[in-house]
Amino acid sequence: MSKFYLTTAIDYVNNRPHLGTAYEKVAADVIARYQRLCGVPTRFVMGNDEHSQNVYQRAQELGIEPLAFCDRMEAEFRDVWQRLDISFDDFIRTTQPRHREAVTRLVSRIAEAGDLYEGDYEGWYCVSCESFKPEKDLVDGRCPIHQREPEWLKEKNHFFRLSRYRKPLLDHYAANPHFLEPEIRRNEILRLLEAGVEDISMSRAGQLWGIPLPANPASVVYVWADALINYASAVGYGTDEELFERWWPADLHVIGKDITRFHCVVWPAMLMSAGVPLPRQVFGHGWVHWKGQKMSKSLGTAVDPLEAAERLGPDPLRLYLTREIAFGQDGDFTWDRFEERYNVDLANNLGNLVSRLASMARRYRQGRLVSPAAPPGPLAEAAAAAVADYRRAMDAFALHRGVAAAFDVVDRANEFITASEPWVLARDPERAADLDRCLYDVGEAVRIAALLLTPFMPGSCREVLRRVGETRDAGALQLDRDAVWAAPPGAERTVQAGDALWPRIEPGKPAPGGAAAPKRTDPATRLSPTLVRDSGAGRAARAAVPDEEQSVPTRERSAVTREGRESMSEDERPGRAAEAPPATEPAAAEAKPAPAPPEAGTARISFDEFMKVDLRVGRVVQAEAVPKSKKLLRLEIEADGVRQVIAGLARAYSPEALVGRHVVFVANLEPARLMGLESNGMVLAAVDANGEPVLLAVDDPARASAGARVR
């Protein structure tokens, strides 16, 4: 029977976890919950690394025993993970007897293989990293990660013959090209191995806080070697062979990109030496930045994950981290962006859809929806396509694309309501079956979307499923069986109303969690029509977007007819139930020819107004045509993280011609939707004599790299 054993890096406990630490745990939890949703037996392990000198020193500062300090911090960490709804199956601590047994056994096996020897070592040691640093890796004499000067240490150690495993490791990477993902991390490790690796210290002398080295109890096992073995000790290595046989090798280690050397060179070499099978895959995720820097308590750039969760809720935070940050890339967290995503994705979109469905079901069918004999409408096909996209994305750990696939069902349901106009159908008794079909299909679409989003927002999706009439326990649902369209004639569902799931946040008003909502900056000044389309209002750069695409409703602007709007009750209008802006007339009705460029000396703006526009250099990492569109391309642009931008470039550029190019784009526009796809930015282009876009080029991408500010 298949299984899935998943781990995260274990954490030093000298400080409470920050949002960067929480990101790793949330992403791993999403993967674990997805595997369970697929019906795969899953074991998800997290834990604490307690033998570091950082921990020992912190306990000394507090005047308590190290183990007592670790006990206290275990409770702190577990509290954070519980409040973020992290569903780990086991929590390993390196001070536990089961771990000590595993370390003793594996290190002994390495010694028996002839891969331990005594020697002297001296070099730069970063206490925060708990690792020695080659001088070439220092930046201005400081650790590049923690920005502090390392200590010069000289001591007698036991060394591990890492150099012996350079060729076996290269062979393993050649035979298993996906052993390390993403590709950029794999290439880094391959370059390291190809350049040659030196033997490394396996012990520390003169320390009592740690696990004694079997061959020399006066020394302790080096903290990194000790910590890596947790992945095996957590499933019984050295203590429970039946458990170990069942779960090992690990299917996935989820770690930060800064520790891939330990996990993808040292750890597999240790396992090779000890005769233990290697893990199947390692994924090195990116960092969460705050004001352009990696989150770190020592650097003063940390955000408390509980503060973020208390402000808008744990599920909105989980959604933000996995939707906003492409898994494997760096990303940024700001309070403004967090609030914006909450309003756009949850208050205005999913929450509003659930409220509209409940309102119409109550008004027209007393909450009881029955599937008519007629076949399902277009939502069934759209949902099936989204489920397929979702599976492909999630199987590839492209979590942000998995979220996008789920929200595509939500978007299609909102568009379907706009096109079907159930408030008009309700006025004609002869169209009762059409109204039944419409409402039941919307309910089925919401059910499937909530199922797909369950790994990301488990608590919220349980409530959404309950409201749309799902009577089974959410934990018992499975993707293969339940993410299919289930609307046979006569099928019934009871839709229940309730308070707004995600009340819209207004600038300066208290957030749902009780904390003051962060202040919004003023929206950026809109630029000329020569900019390639994306704008929050859906009107900029119309010259670059065909008319049929301008009419696609965005999340904030469901296009409804005036006649239909007047026949709707107050709480049925798009956005009303979730306190979103009132609906407007169809976008197509507003479309006008693109205005001519302003004459010189007119429409001037101040310097301060211009500086509100955040222009950035971005590198196109992926490009593809948008289905059913002659002009639009879907771009993935790397800057501070990777974002999706929909641009009207298809008539001038092939997707292949854009990959790898550096472009200039507006980075601080509100998200908008085109052809059912969300766009997060606006690519800058000129317009030639034929009205076709001409991209603005970056003269020297090496100097103005991805993410550079344009001024």
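# A briefing on the predicted chain

A hairpin joins β11 to β12 through 2 residues, and that little turn is a good place to start a walk through this predicted model. The chain holds 24 helices and 29 strands. Of its 711 residues, 57% are buried. Among contacts between residues at least 6 apart in sequence, 76% join residues at least 24 apart. The exposed area comes to about 29,500 Å², with carbon and sulfur atoms supplying 50% of it.

**The sheet around the hairpin**

- The hairpin belongs to an open sheet of 3 strands, arranged in the order β10-β12-β11 with antiparallel pairing.
- The edges are taken by β10 (203–205) and β11 (212–213); each has a single partner strand, so one side of each is left without a neighbour in the sheet.
- Between β11 and β12 (residues 216–221), the antiparallel pairing runs over 2 bridges, and here Leu213 has Asn216 of β12 as its bridge partner.
- Between β10 and β12, the antiparallel pairing runs over 3 bridges, with Ser203 bridged to Val221 in β12.

**Strand β3 and its parallel partners**

- If you are looking for a covered strand, try β3 (residues 42–49), where 8 of its 8 residues are buried.
- Strand β1 (residues 4–8) pairs with β3 in the parallel sense over 4 bridges; in this pairing Phe4 stands opposite Thr42 of β3.
- Strand β2 (residues 11–12) also pairs with β3 in the parallel sense, over 2 bridges, and Tyr12 stands opposite Asp49 of β3.
- Strand β4 (residues 90–93) is another parallel partner of β3, joined over 4 bridges.
- Within the β3 and β4 pairing, Met46 stands opposite Phe91 in β4; with a relative accessibility of 3%, Phe91 counts as buried.

**Aromatic pairs**

- How many aromatic pairs does a search of the whole structure find? The search turns up 21 of them.
- One of these brings together Tyr23 and Phe327: the ring centres are 6.4 Å apart and the planes stand at 75°, so the pair is edge-to-face.
- Tyr23 comes from helix α1 (residues 19–37), while Phe327 sits in the loop between α12 (314–324) and β17 (331–332), so the pair ties together parts that are 304 residues apart in sequence.
- Are Tyr23 and Phe327 buried or exposed? Both are buried.
- Phe88 and Phe91 make a tilted aromatic pair, at 5.5 Å centre to centre and with 50° between the planes.
- A cluster linked by ring pairs takes in Tyr5, Tyr231, Tyr237, Phe244, Trp248 and Trp267.

**Arginines and their partners**

- Which ring does the charged end of Arg311 sit over? That ring belongs to Trp335, and the charged end of Arg311 is 4.0 Å from its centre.
- Arg323 lies over the face of Phe407, at 4.7 Å from the ring centre.
- Arg673 is found in strand β24 (residues 672–674).
- Why does Arg673 count as buried? Its relative accessibility is 6%, and buried means under 20%.
- The side chain of Arg673 is joined to the side chain of Asp411 by a polar contact of 2.4 Å.

**Helix α18 and its cover**

- Which residues of helix α18 (residues 458–467) are buried? They are Pro458, Ser460, Cys461, Val464, Leu465 and Arg467.
- The cover over the buried residues of α18 includes the helices α1, α12, α13 (335–365) and α17 (432–453), together with strand β19 (492–494).
- Two of the covering helices have appeared already: α1 carries Tyr23, and α12 comes before the loop that holds Phe327.
- After α18 comes Gly469, which has a positive phi, near 95°.

Notes: Residues are numbered from 1 along each chain as its sequence is written. This is a predicted model: local features need pLDDT of at least 70, side-chain atom pairs count only at pLDDT 80 or more; totals for chains, interfaces and linings use all residues. Side-chain values use heavy atoms; hydrogens and water are left out. Two strands pair if DSSP finds at least two bridges between them. Buried means under 20% relative accessible area, exposed over 50%, partly exposed in between (1.4 Å probe, protein chains only). Contact means heavy atoms within 4.5 Å. Accessible areas come from the Shrake-Rupley method with a 1.4 Å probe; for residues, only the protein chains shown count as cover. A polar contact is a pair of N or O atoms within 3.5 Å; within protein, one must be able to donate a hydrogen and the other to accept it, and residues adjacent in sequence count only if both atoms are side-chain atoms. Rings of Phe, Tyr and Trp (its six-membered ring) pair if their centres lie within 6.5 Å; planes under 30 degrees apart count as stacked, over 60 as edge-to-face and the rest as tilted. A charge sits over a ring if NZ of Lys or CZ of Arg is within 6 Å of the ring centre and within 35 degrees of the ring normal.
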